[in-house]
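Colleague: Before I use this model, I would like to hear what stands behind the words you use for it. Could you take me through the reasoning one term at a time?

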Amino acid sequence: MNRNLLLIAFSLFFWGMGETSFLAYQPLYLQELGATPILIGGILGAFGFANAISHLPAGILADRFGRRPIMLSAWIIGLIATGIMALATSLSGFVCGVLLYGITMFVIAPLNSYITTARGRWSVGRALTAVSASFNLGAIIGPSIGGYLGDNFGFKSIFIFAAILFIVSAGIIFQIQPQPIETHTQGQNFLRLIDNRRFVTFLIIFFIAVLAMFLPQPLTPNYLQDHAGFSFQSIGRVYSLNSLGVVLLNIILGMLDARIGFILGQVSVGLFALIIWQQEGIMWFSLAFILLGGYRAARALAIAVSNDLIDSARMGAAYGVSETVGSIATILAPLLAGFLFAIKPDLMYAYSVVLIITAITISGMFLMRKQTFGTVR
């Protein structure tokens, strides 16, 4: 791993610790501020919308003006958004911070493009999953610290803690070097992506997979607190296990063919939903949250798969389109989850299992066809 990737890895370690110290507790704080389950689903859907509209412009700007400045702006905006959440005294004020933080997810396309270009001899899948693992090493610690702070000092202390870590993270990421800007060949602008049938078909598959995998996640903290009797610290512990699962599954699945890893990531999340739906007890739930780590691995490996379908000059735009499609799925999933939760809380897990089985079937039929791909890098 070269200097730039090491700097990104260390920066993401601190960002992961800070983000996960509060992210799992956002639905609970929204509930405390007076939001109903359906409204929480709507707010989290709006969070997804905020990041959905930012990916493609960020990818295009990264292709045109360079990846580094777009990445650095995301770190700054994220720090500001966290400050707003920490200072908010009303539901509307807190939601403003949540939505602004959602916009910072535009960093994913330029960040993944930067990592892909800086990967050296590593495969795209291995580079993306390795850096993702560094984020989640920090995320192993973050939820437990957030749970302790929330139980003993209230929600606001969690956001202050996160802001301090984000300052450290920003100081590190500002040390990365710029990369050369690749020139589009004549007539090959980002709009030509829609003429790429293999890429567009994979986007449809990616959308179904993300919708299915994300559906059981947004309201799981509420389910654990209201129906399983978990405290803040208990919720923090299982989310720390989730981060451990992300690290392990990123490393394991990242060493496989990206197509196989993408499918196995979906299988892992399907087992998470099945266990939460059908089992009880901390041991089963702990296993489930480790398996939930397949979601992050599957998303990273999906990007690695899509990289084999596009040219490098439009990498940022292609990654931006992919993340936009994934974000649209994360807009719809919380809305559906909120609706199902209001009817019967465990319905969101049952629906997820059915959808994941469907997504795995479609993924397997498309991705394993030899004529669809060359060698996945």
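Colleague: What makes a residue count as buried here, and what percentage of the 377 residues does?

Modeller: This is a predicted model, and in it 58% of the 377 residues count as buried, a label that requires under 20% relative accessible area. As for what remains accessible, the protein exposes about 14,900 Å², of which carbon and sulfur atoms supply 69%.

Colleague: How do you know that the radius of gyration agrees with a compact globule?

Modeller: The globule rule takes 2.2 Å times the number of residues to the power 0.38, and for 377 residues this gives a value near 21 Å, with which the 19 Å of the protein agrees. Along the principal axes, the C-alpha atoms fill a box of roughly 55 × 45 × 35 Å.

Colleague: How many helices and how many strands does the secondary structure come to?

Modeller: There are 16 helices and zero strands. Among contacts between residues at least 6 apart in sequence, 85% join residues at least 24 apart.

Colleague: Why is helix α6 called largely enclosed?

Modeller: Helix α6 spans residues 108-117, and eight of its ten residues are buried, so the rest of the structure largely encloses it. The buried residues are Ala109, Pro110, Leu111, Asn112, Ser113, Tyr114, Ile115 and Thr116, each therefore under 20% relative accessible area. They pack against α1 (3-23), α3 (37-65), α4 (67-87), α7 (124-153), α14 (294-307) and α15 (315-343).

Colleague: How far apart are the mean positions of the positive and negative charges?

Modeller: For the 20 positive and 13 negative charges, the mean positions lie 11 Å apart.

Notes: Residues are numbered from 1 along each chain as its sequence is written. This is a predicted model: local features need pLDDT of at least 70, side-chain atom pairs count only at pLDDT 80 or more; totals for chains, interfaces and linings use all residues. Side-chain values use heavy atoms; hydrogens and water are left out. Helices (H or I, at least four residues) and strands (E, at least two) are DSSP runs, numbered from the N terminus. Buried means under 20% relative accessible area, exposed over 50%, partly exposed in between (1.4 Å probe, protein chains only). Contact means heavy atoms within 4.5 Å. Accessible areas come from the Shrake-Rupley method with a 1.4 Å probe; for residues, only the protein chains shown count as cover. Lys and Arg count as positive and Asp and Glu as negative; His and the chain ends are not counted. The place of a charge is taken as NZ of Lys, CZ of Arg, CG of Asp or CD of Glu.
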